[in-house]
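Please find below a colleague's note on the structure shown here. It is arranged as numbered points, to be read alongside the sequence and the coordinates.

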Amino acid sequence: MSKLKSYLRQARKRRIRAKVRGTKDRPRLSVYRSLRQLTVQLIDDDAGKTILAASTKEAKAKLTKDGAKKLGALVAKKAKDAKITAVIFDRNAYKYHGRVQALADAAREGGLQF
């Protein structure tokens, strides 16, 4: 990644994180997209702890839109088991389209409120 592109991405991430903060009642749903998998965490920023995490590897899915949908459904199921119904979505400087959007839509369909 070029220096300019990296700098712009970090600036976008800082801008988003300044507005987004998770609590115990409404944790932050943070998305990380690597070249091989998607990873999602529910984070309580007040305590500085990860409540739960899931990845496409755990969902036995490939890194596609369909895999992102499976991951979104898995996260929603895990959150319901942990008695979490509302979250704050942190797209983590990624554009809201493609796999990130598919994951968010599947989590909403699974019962999470953003």
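The points below go from the overall fold to the sheet, the helices and individual residues.

1. Nature of the model. The structure under discussion is a predicted model. Every remark in this note should be read with that in mind.

2. Overall fold. The protein chain contains three helices and four strands. Their order along the sequence is α-β-β-β-α-β-α. The radius of gyration is 14 Å, close to the 13 Å that the globule rule gives for 114 residues, so the chain is as compact as a globular protein of that length. The C-alpha trace spans about 40 × 35 × 20 Å along its principal axes.

3. Burial and contacts. Of the 114 residues, 40% count as buried. Among contacts with a separation of 6 or more, 58% are between residues 24 or more positions apart. The reader may wish to keep this figure in view when the pairing of strands is considered below.

4. Surface and charge. The chain exposes about 7,200 Å², and carbon and sulfur atoms supply 50% of that area. There are 30 positive and 10 negative charges in the protein chain, and the mean positions of the two sets are 9 Å apart.

5. The first hairpin. How do S1 and S2 run relative to one another, parallel or antiparallel? They are antiparallel and are joined by six bridges. Strand S1 covers residues 28-33 and strand S2 covers residues 38-44. The two form a hairpin, with four residues between them. Two facing pairs can be located on the model: valine 31 is opposite valine 40 of S2, and tyrosine 32 is opposite threonine 39 of S2.

6. The second hairpin. S2 also pairs with strand S3, residues 49-55, in the antiparallel sense and over six bridges. Here valine 40 stands opposite alanine 54 in S3. Valine 40 thus appears in both pairings, facing valine 31 and alanine 54. S2 and S3 likewise form a hairpin with four residues between them. In that turn, glycine 48 has a positive phi of about 70°.

7. The enclosure of S2. Five of the seven residues of S2 are buried, so this strand is largely enclosed by the rest of the structure. Its partners include S1 and S3, and the buried residues of helix H3 pack against it as well.

8. The parallel pairing. S1 pairs with S4 in the parallel sense, over three bridges. Arginine 28 stands opposite isoleucine 88 in S4. S1 therefore takes part in an antiparallel pairing with S2 and a parallel pairing with S4.

9. Helix H3. Which residues of helix H3 are buried? In this helix, residues 99-109, they are Val100, Ala102, Leu103, Ala104, Ala106 and Ala107. In an α-helix there are 3.6 residues a turn, so residues three or four places apart point the same way. The buried residues of H3 pack against S1, S2, helix H2 (65-81) and S4 (88-90). After H3 comes glycine 111, with a positive phi near 115°.

10. The loop between S4 and H3. Two residues of this loop deserve inspection of their backbone angles. Asparagine 92, located in the loop, has a positive phi of about 60° although it is not a glycine. Its relative accessible area is 9%, so asparagine 92 is buried. Alanine 93 lies in that loop too, and its phi is near 70°, again a positive value in a residue other than glycine. Alanine 93 counts as buried, at 2% relative accessibility.

11. Lysine 19. Is lysine 19 buried or exposed? This residue of helix H1, which comprises residues 3-19, is exposed, with a relative accessible area of 72%. Its C-alpha atom is separated by 9.7 Å from that of aspartate 90, and the two residues are 71 residues apart along the chain.

Methods. Residues numbered from 1 in each chain as written. Predicted model: local features only at pLDDT ≥ 70, side-chain atom pairs only at ≥ 80, totals over all residues. Heavy atoms only, no water. Rg over C-alpha atoms; globule rule 2.2 N^0.38 Å. Buried < 20%, exposed > 50% of the residue type's maximum accessible area, 1.4 Å probe, protein only. Contact = heavy atoms within 4.5 Å. Areas by Shrake-Rupley, 256 points an atom, 1.4 Å probe, with all protein chains shown as cover. Lys, Arg positive; Asp, Glu negative; His and termini not counted. Charge placed at Lys NZ, Arg CZ, Asp CG, Glu CD. Pairing = 2+ DSSP bridges.
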